[in-house]
Amino acid sequence: YMGTSLMAAVNLFSAGEQGARDRGRSSISFRAGKMTLTGTTVTADARKGTVQVAREADGVMHFRWIDRTTGRLEDDVMLFPDEAVFKRVPQCTTGRVFVLSFNSSSRRSFFWVQEPREERDDEICKTVNDL
């Protein structure tokens with residue numbers, strides 16, 4: 001999917017930041033598995049997981065992945081203003097794949113949403129980006 005524009009992208013901590021704070025929302029949690037990128041192909045990790053995005057008391061935003069079976073925190077990424085975007089990968093037609101991509105590097109983390117209701121995907125994406 002390299003070179004193709006990705007949709008539903010909004011900078012984390014951008015214009016939506018104040019609105020998210022005003023509504024009192026400082027976190028979101030949703031079921032999602034991790035994916036591994038090899039070349040231009042992403043492969044799903046079969047484990048059940050949870051993504052938690054939360055602003056801590058000190059104001060730092062954390063994007064975490066937790067294995068739902070073991071309860072083990074596996075990834076904890078600190079996010080700074082305008083550093084990353086969370087967006088759907090429309091090129092994937094066999095699942096509900098999202099990418100957390102970083103503006104200052106080529107680093108990307110892929111996730112497949114495991115929530116039962118696909119119609120919530122856009123809302124999840126928007127909420128993550130508005131925090």
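This text walks through a predicted model, from its overall plan to single residues.

Start with the plan. The protein has two helices and eight strands. Along the sequence they follow the pattern α-β-β-β-β-β-β-β-β-α. A helix therefore stands at each end of that pattern, with the strands between. Of the 131 residues, 40% count as buried. Contacts also reach across the chain. Among those with a separation of 6 or more, 51% are between residues 24 or more positions apart.

Next, confidence. The mean pLDDT of the protein is 82. A value of 70 or more is reached by 81% of the residues. Residues 1–24 are another matter, with pLDDT under 50 throughout. The model still has 56 contacts beyond four places in sequence for this stretch.

Now turn to the largest pocket. Its volume is about 190 Å³. Four elements give two or more residues each to its lining: β1 (27–38), β4, β5 (73–79) and β8. Strand β8 gives the most, with four residues. In total, 15 residues line the pocket. Those nearest its centre are K34, D75, S109, F110 and F111. What classes of residue make up the lining of the largest pocket? Eight are nonpolar, six are charged and one is polar.

Strand β4 covers residues 61–67, and two of its residues repay a look. The first is R64, a member of β4. Is R64 buried or exposed? Its relative accessibility is 15%, so R64 counts as buried, the limit being under 20%. The R64 side chain makes a polar contact of 3.0 Å with the side chain of E56. Leaving aside neighbours within four places in sequence, R64 is in contact with T50, V51, Q52, A54, E56, L73, D75 and D76. Among these, D75 is also one of the residues nearest the centre of the largest pocket.

The second residue is D67, also in strand β4. D67 is buried too, at 5% relative accessibility. A polar contact of 3.5 Å joins its side chain to that of R47. Beyond four places in sequence, D67 touches R47, K48 and R72.

Follow the chain on to the loop between β5 and β6, where D82 lies. D82 is partly exposed, with a relative accessible area of 42%. Its backbone deserves attention. Most residues other than glycine have a negative phi. D82 is not a glycine, yet its phi is positive, at about 60 degrees.

Strand β8 spans residues 108–113, and V113 belongs to it. V113 is buried, with a relative accessible area of 6%. Which residues does V113 touch, not counting those up to four places away in sequence? They are R31, A32, R96, F98 and D121. One of these, R31, falls in strand β1 (27–38). Another, D121, is a buried residue of helix α2.

Distances add to the picture around V113. R88 is 25 residues away from V113 in sequence, but the two are 9.9 Å apart in space, C-alpha to C-alpha. G95 is 18 residues from V113 in sequence and 8.2 Å from it in space, again between C-alpha atoms. G95 is found in the loop between β6 (84–88) and β7 (97–102). With a relative accessible area of 32%, G95 is partly exposed.

Past β8 comes the loop that leads to α2, and E118 lies there. E118 is partly exposed, at 44% relative accessibility. Beyond four places in sequence, E118 is in contact with R88 and R96. The C-alpha atoms of E118 and R96 are separated by 8.0 Å, with their positions 22 residues apart along the chain. R96 is also touched by V113.

The walk ends at helix α2, residues 121–130. Why is α2 described as largely enclosed by the rest of the structure? The reason is that seven of its ten residues are buried. These are D121, I124, C125, T127, V128, N129 and D130.

Technical notes. Residues are numbered from 1 along each chain as its sequence is written. This is a predicted model: local features need pLDDT of at least 70, side-chain atom pairs count only at pLDDT 80 or more; totals for chains, interfaces and linings use all residues. Side-chain values use heavy atoms; hydrogens and water are left out. Buried means under 20% relative accessible area, exposed over 50%, partly exposed in between (1.4 Å probe, protein chains only). Contact means heavy atoms within 4.5 Å. A polar contact is a pair of N or O atoms within 3.5 Å; within protein, one must be able to donate a hydrogen and the other to accept it, and residues adjacent in sequence count only if both atoms are side-chain atoms. pLDDT is the predictor's confidence in each residue, from 0 to 100. On a 1 Å grid over the protein atoms alone, a cavity is a set of points where a 1.4 Å probe fits but cannot get out, and a pocket is an open set with protein on both sides within 12 Å along at least five of seven lines; lining residues have an atom within 4 Å of a point. Grid points are joined across faces, edges and corners, and a volume is the space filled by probe spheres set on the points. Ala, Val, Leu, Ile, Met, Phe, Trp, Tyr, Cys and Pro count as nonpolar, Asp, Glu, Lys and Arg as charged, and the others, Gly among them, as polar.
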